[in-house]
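Reader: I have a chain open here and would like to talk it through with you. Could you take my questions as they come?

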Amino acid sequence: DQPDSNFYDVSDSTFVYDADTDTVNETFNITERDLDKLKDPALLAANTSAYGRIETFAWLVQRYIYDNSKAIPDEVKTYVTAVRSHCATICTAINGCSDLAAFKVVYAKIYDDDGEYNTGWPDGSGLTSYHRGITLI
């Protein structure tokens, strides 16, 4: 089996025939990816996911700036605060990884089986009446 390319760079494989078992074994030259280079896209994914969840409510902020008599609904403020808090928690966990083993644990907690960064986000499904513009997520 080839190692997980999320965490390792794999180059040149070699094949060796084992006459005793009549099998061919493949060996890979495996190098751990640089931890900082793994963290950067994970941090970007978390922030992009958070942005996509709250951007659809930006019009409420703009409206408030132009007419402060039009308040931002409390449920929207609560949701946005929860999204920002969850994103901060994820980013803290990512930044707290000191080695690849720790990063793998965090990675497993925040990515689903398809590699999508969507675990544990607050549910904003009840706020669709406030959506404007294009929803990214």
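Author: Gladly, and let me begin with one residue: F103 is buried, since its relative accessible area is 2%. Please keep in mind throughout that this is a predicted model.

Reader: Fine. Which residue does F103 pair with in helix 4, and how many residues apart are they?

Author: The partner is Y107, which also lies in helix 4, four residues away from F103, and that spacing is about one turn of the helix. The aromatic pair of F103 and Y107 is tilted, with 6.0 Å centre to centre and 45° between the planes.

Reader: And Y107, is that buried or exposed?

Author: Y107 counts as buried, because its relative accessibility is 17% and the cut-off for buried is under 20%.

Reader: How many aromatic pairs turn up in the whole structure?

Author: A search of the whole structure finds four aromatic pairs. One of them joins F7 to Y107, where the ring centres are 5.0 Å apart and the planes stand at 75°, so this pair is edge-to-face.

Reader: Where do F7 and Y107 lie along the chain?

Author: F7 belongs to the segment before strand 1, whereas Y107 is in helix 4, so the pair ties together parts that are 100 residues apart in sequence. F7 is buried too, with a relative accessible area of 6%. Taken together, ring pairs link F7, F103 and Y107 into a cluster.

Reader: OK, stepping back a bit. What pattern does the chain follow along the sequence?

Author: Read from the start, the pattern is β-β-α-α-α-α, with two strands and four helices in the chain. Among the contacts with a separation of 6 or more, 62% are between residues 24 or more positions apart.

Reader: What about the surface, and what share of the residues is buried?

Author: Of the 137 residues, 28% count as buried. The chain exposes about 9200 Å², and carbon and sulfur atoms supply 50% of that area.

Reader: Let's do helix packing. How do helix 3 and helix 4 cross?

Author: The axes of helix 3 and helix 4 come within 9 Å and cross at roughly 155°, which makes helix 3 roughly antiparallel to helix 4. On the helix 3 side the contact is made by I90, A93 and I94, and on the helix 4 side by F103, V106 and I110. By class, the contact of helix 3 with helix 4 has six nonpolar residues, no polar and no charged ones.

Reader: And which way does helix 1 run against helix 3?

Author: Helix 1 and helix 3 are roughly antiparallel to each other, because their axes cross at roughly 175° and angles over 145 degrees count that way. The axes of helix 1, residues 35-54, and helix 3, residues 74-95, come within 10 Å.

Reader: Which residues make that contact between helix 1 and helix 3?

Author: From helix 1 the contact uses K39, A42, L43, A46, N47, A50, R53 and I54, while helix 3 brings Y79, V80, V83, C87, I90, C91, I94 and N95. By class, the contact of helix 1 with helix 3 has 12 nonpolar, two polar and two charged residues.

Reader: Switching topic to backbone angles: which residue has a positive phi although it is not a glycine?

Author: That would be D22, whose phi is about 55°. As background, most residues other than glycine have a negative phi. D22 is found in the loop between strand 1 and strand 2, and it counts as exposed at 55% relative accessibility.

Reader: What does V16 touch, leaving out residues up to four places away in sequence?

Author: V16, which has its place in strand 1, touches T23, V24 and N25 when those neighbours are not counted. V16 counts as partly exposed, at 47% relative accessibility. The C-alpha atoms of V16 and T27 are separated by 7.9 Å, and these two residues are 11 residues apart along the chain.

Reader: Last one: where is D123?

Author: D123 sits in the segment after helix 4 and is exposed, with a relative accessible area of 65%. Its C-alpha atom is separated by 7.9 Å from that of Y79, although D123 and Y79 are 44 residues apart along the chain.

Definitions and conventions. Residues numbered from 1 in each chain as written. Predicted model: local features only at pLDDT ≥ 70, side-chain atom pairs only at ≥ 80, totals over all residues. Heavy atoms only, no water. Axes fitted to C-alpha atoms, helices over the stretch in contact; angles between N-to-C directions. Parallel < 35°, antiparallel > 145°, perpendicular 65-115°, else oblique. Contact = heavy atoms within 4.5 Å. Nonpolar A, V, L, I, M, F, W, Y, C, P; charged D, E, K, R; others polar. Buried < 20%, exposed > 50% of the residue type's maximum accessible area, 1.4 Å probe, protein only. Areas by Shrake-Rupley, 256 points an atom, 1.4 Å probe, with all protein chains shown as cover. Phe/Tyr/Trp six-rings, centres within 6.5 Å; stacked < 30°, edge-to-face > 60°.
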